[in-house]
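Biologist: Hi! Could you pull up the model so we can go through it together?
Modeller: Sure, here you go.

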Amino acid sequence: MAYQIKNVYNLETLLKYCSDALNWPIEEDWFEDIDDLFYDFSATDLGIRQEEFAHIRSLRQLRPLVDDQPGGIFVVDFESKKMEVSALRRILRGLIPSRNNTEFKTWDYKNILFLCFWGNQSYRTVGFIAFQEQATALPLLKTLYCTPAIEDRTQLENFESRLRVLSWPDINNENDWLLNWCKFFAPTRGQIIRDTVELTETLAATATSISNTLSNSFMVETDTGFAHRLYKRFNDALRIELSQKDFIDMYAQTIVYGLFSARCMHPEITPFSATTAVECIPETNPLLKELLSEYCTPNAQMKFDELEISDLIETLNNTDISSILQDFNRQTGLGKEDPIVYFYERFLDIYEKEEKKRRGVYYTPTPAVDFIVKSVVHFLKNEFECSSGFLSPNVSILDPATGTGTFLRRVILETFDEYKRQHRNNVAGWSDYVNNSLLSRLYGFEFMMAPYAVAHMKLAMTLKDTGYDFSPNHRLQVYLANSLECGEAVVPFQDSEDPLKIESNYAALVRNSRINVIIGNPPYRTDSVNKGEWIMRLMDDYKKEPGQSTRLQERNPKVVNDDYVKFIRFAQEVISNEDNAVIAYVTPHSFTDNLTFRGMRWKLMHSFDSIYIFDLHGNVMSRESSGRDERDENVFDIQQGVCVCFFVKKSGTQEKNASIHYADMYGSRENKYHFLSTACFSDIEWADITPIAPYYFFKPKDLSLAGEYEVGIQLSKLFPINIGGIKTHHDAELVSADSFGTEFDQLYDYRPFDIQHINYDLSKVERHRFEVMKHFVGHENYGLVIDRQVVTDNWSHIQIVRNMIDNRVHYSRKGIPVECPMFLYDESGNASANIDATELSIFGAGLEESFSEYLTEDNGKYDMLDVFDYCYGILSSNTYRLKYAELLSIDFPRIPAPVNTPFFRQVARLGAYLRKLHLLTEPIPNNLNIEFLGTGDRIISGVHFSDNKVYINRTQYFSNVREDLWNFCFAGYHGLQKWFKDRRQSSISDAEIQHVITVFNVFDQSENHMEQLDEVLAEYEII
């Protein structure tokens, strides 16, 4: 071919390939200005929300290449490293005829072809996508894709061979044209499925259909019916109250993944049927074998036809499993990722992403698994004198949230490698070793049925690949169980006819076994549903002040109840009686320095000999920086940063604090993966940490100035009545730029320089904070906004407002802003100052003036507004912020008491000027001569800064804006960047243009007065 597929990496090269290889009628000179070949589409054009368009760089339509072209060809460039199926479906909905009053042509499903790009910038994946309409389900996605830069020759030749069907037809009849192209995408009954995307969609659609059938069964049968009895059995076995929907989802996935597992285990069996499926499940998974037999055998209580899975059987019968497994390796990172995990994650994304989110289910990338398992081997061999690592008979391993078995798979492979090393590659006795030793020491618990089934499938396939000969009397000790529920085994239980009860009893026995390695990636979920008496009683240890019996002094300590914290406490309990043991987890890194976890850190320090934290960062909200230009990325597709942590317990230890060791890594996901894949535990340069009271941080903190800083007055104590910002949970309905015209309408500081209206109906606002916010309703008041803990790239978290505040009026990864009202109003409308008498006496000790509880102009007195202005002035000094940056970020800010009256008055005066500037209460001249220039539609899109201009789109901009004003730090945000972001795809009005000009001038004047504050503080030797 003239233009090889190997050379395709972007839109232009793809079209050249289509022109040369597929005879698409694209003239050579058209490539001189390729943009002229396309129409651009925005989210607004398609009638979808901007956030649903977030992972798409561009959507363009290729102009018709011939007259009366019956189909539309669209190009989608994804930002993400995977094809966003859900986003593509939303685009599809905007292009089909059901959309009313459209201003552009629409098509039927069969008339649309998508050319898509996704993946790493260094090696982009190109995909040809179409959708097939279905009568009762979502349109079925049909796809062919490859990554030209990294595919081997065979894959590329196969890809090009299949692409030839998309050669430009010589016929102009619409039906013949579409029929020819559809041959590429639409396997009909009996055709073979060879790629995972199509199979994943088919399995997800089938699971949805089965769940609907089960839902109908619940509606029509009595409490003694099969579905109801099965529901009760699952609840009893898991010792948790599953909702009917949770159960239905679980069972539907069990059926789908049970049959898929059976097909993968024995692809050679032909024909594949419901009956043979039971025979294909290995003896290592008796529970799945029993459950499948309940609807796949002649004596089944619920026939498989009743569940409408005959189509699934036929699909699996006509699936080329070998090609599917090859496809796994091809699309999951150069064959380095775990293919079955990738497949299941894609299934969950399609089937029910919210379930995945609610359970905190995110599966671990292979490099992280490899690193953790290698590190555990390091501890076994170097700390516990187990020279054979996992091969040692005294090592027992538990993954309490095993998911799809990724960690246990790696343990098996590591054990097999060690076995081969010790036996000089003679593996004749391997099967006997697995039966007699390994299977009895390898445990896993999984709460969700589908990953449980996948784990058994994957581990069975892994053992099979090592040459293990499956024995009828041995099983994998991966159990369907909830680790956080402490069940007791009913003995004897082997005679029970219910496989779920047998499974549950075995799991209960494991908890009392001698486990000395606990490994895995527990779920992350703050609003945990795991609230059983046993685990909550254990969690009390983490909810006490360090070294005390008193409860943790926190208004809302619920973050300690995160599932991952419970799994740490679970593991700590399981190994409590072991002399040599290690816990190795990958978890959110929040427990290392969040104030609320201080009791947990203290308890861990007194329970282990050494603790290692390898912080991988990656929090998308924190704006953490390593000081390098490289962007910091997460190793997972989640927002919160993560760390790998090891808790090590050794024999013969005395009562002492654990040694704490810390290391971290910033950078791209690719670089982190490479390091984790290649590094050993001993390669890491660990820094020793000495946690100190009262917070006992597990990561480095510069607390060298703590002595002088903590002499200052803490604002949360000075203004004792305060509360976190409001969270409506329904901003779209309850927050607006316009008045709601109701009795509940209140002004609302939503974001910096962005005052909105809130419909403050307490029956609608989820967290209304009325007990304190009432002092702003119908009353003139000021509020000082402060933050307890700040994690971002700057400290600028101080503000004076006149209204109630939103809980994101300040930006920080941890915590929410807190509002301190200046005055408190009683029911009669009488005001009193919100100030603590003891703290006030310290504050005013150096002043010659007396305090007035009411606002006053008396020269011999100072009032609450003066105190607010003084605090605002101190905390607006950049020098003060930089000097105490670490300390300001870990608790409510402190300010030095005024040394004398002149100092107090100078700082308060400058603070007052800043207050008036930021409240926009006085006219602010346009000293910068900023103008709004350019012609266009005023739509805010693609906002960026360049050459002292702030562009709101390609052609319109604000002139004379310095870069320091564009990045001016206020309330944790950068300038007006958040303001513009919240108005994407809307038209900027004249009033908004003037507002932007005013605020940039405010920033300019603020810089001048902040410098004056630095000078005053230096003059009085405060800094």
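Biologist: Is Tyr-1020 buried, exposed or partly exposed?
Modeller: Tyr-1020 is partly exposed in this predicted model. Its relative accessible area is 21%, and under 20% would be needed to count as buried.

Biologist: And what about Phe-903, buried or exposed?
Modeller: Phe-903 is buried, because its relative accessibility is 0%.

Biologist: How do the rings of Phe-903 and Tyr-1020 sit relative to each other?
Modeller: Their centres are 5.0 Å apart and the planes make an angle of 55 degrees, so this is a tilted pair. Phe-903 belongs to helix 31 (residues 901-919), while Tyr-1020 is in the segment after helix 34 (990-1019). The pair links distant parts of the chain, with the two positions 117 residues apart.

Biologist: Nice. How many aromatic pairs does the structure hold?
Modeller: There are 54 aromatic pairs. One of them is formed by Phe-379 and Phe-646, whose planes stand at 50 degrees with ring centres 5.5 Å apart, so that pair is tilted too. Phe-379 comes from helix 14 (residues 366-382) and Phe-646 from strand 13 (residues 642-649), 267 residues apart. Both Phe-379 and Phe-646 are buried.

Biologist: Which residues form the aromatic cluster with Phe-379 and Phe-646?
Modeller: The other members are Phe-371, Tyr-612, Phe-614, Phe-675, Phe-681 and Trp-686.

Biologist: Which face does Lys-701 lie over?
Modeller: Lys-701 lies over Phe-697, 5.2 Å from the ring centre. Likewise, Lys-949 sits over the face of Tyr-957, at 5.6 Å from the centre of that ring.

Biologist: Let's switch to the sheet. What is the strand order in the open sheet of nine strands?
Modeller: The order is 9-8-7-10-11-13-12-14-15, and the pairing is mixed. Strand 9 (477-480) and strand 15 (687-689) are the edges, each pairing on one side only. From one strand to the next, the twist averages 20 degrees.

Biologist: In what sense do strands 12 and 14 pair?
Modeller: Strand 12 (residues 610-617) and strand 14 (residues 659-664) run parallel, joined over six bridges. Ser-610 is opposite Ser-659 of strand 14.

Biologist: Last stop, helix 20. What caps its N-terminal end?
Modeller: Asp-562 does: one of its side-chain oxygens is 3.1 Å from the backbone nitrogen of Tyr-564. Helix 20 covers residues 563-574 and reaches 16 Å from first C-alpha to last, close to the expected 16 Å.

Biologist: How many of its twelve residues are buried?
Modeller: Eleven of the twelve, so to speak a mostly covered helix. Among the buried ones are Lys-566, Arg-569 and Phe-570.

Technical notes. Residues are numbered from 1 along each chain as its sequence is written. This is a predicted model: local features need pLDDT of at least 70, side-chain atom pairs count only at pLDDT 80 or more; totals for chains, interfaces and linings use all residues. Side-chain values use heavy atoms; hydrogens and water are left out. Helices (H or I, at least four residues) and strands (E, at least two) are DSSP runs, numbered from the N terminus. The expected span of a helix is 1.5 Å times one less than its number of residues. Buried means under 20% relative accessible area, exposed over 50%, partly exposed in between (1.4 Å probe, protein chains only). A polar contact is a pair of N or O atoms within 3.5 Å; within protein, one must be able to donate a hydrogen and the other to accept it, and residues adjacent in sequence count only if both atoms are side-chain atoms. Rings of Phe, Tyr and Trp (its six-membered ring) pair if their centres lie within 6.5 Å; planes under 30 degrees apart count as stacked, over 60 as edge-to-face and the rest as tilted. A charge sits over a ring if NZ of Lys or CZ of Arg is within 6 Å of the ring centre and within 35 degrees of the ring normal. Two strands pair if DSSP finds at least two bridges between them. Axes are lines fitted to C-alpha atoms, for helices over the stretch in contact, and angles run from 0 to 180 degrees between N-to-C directions.
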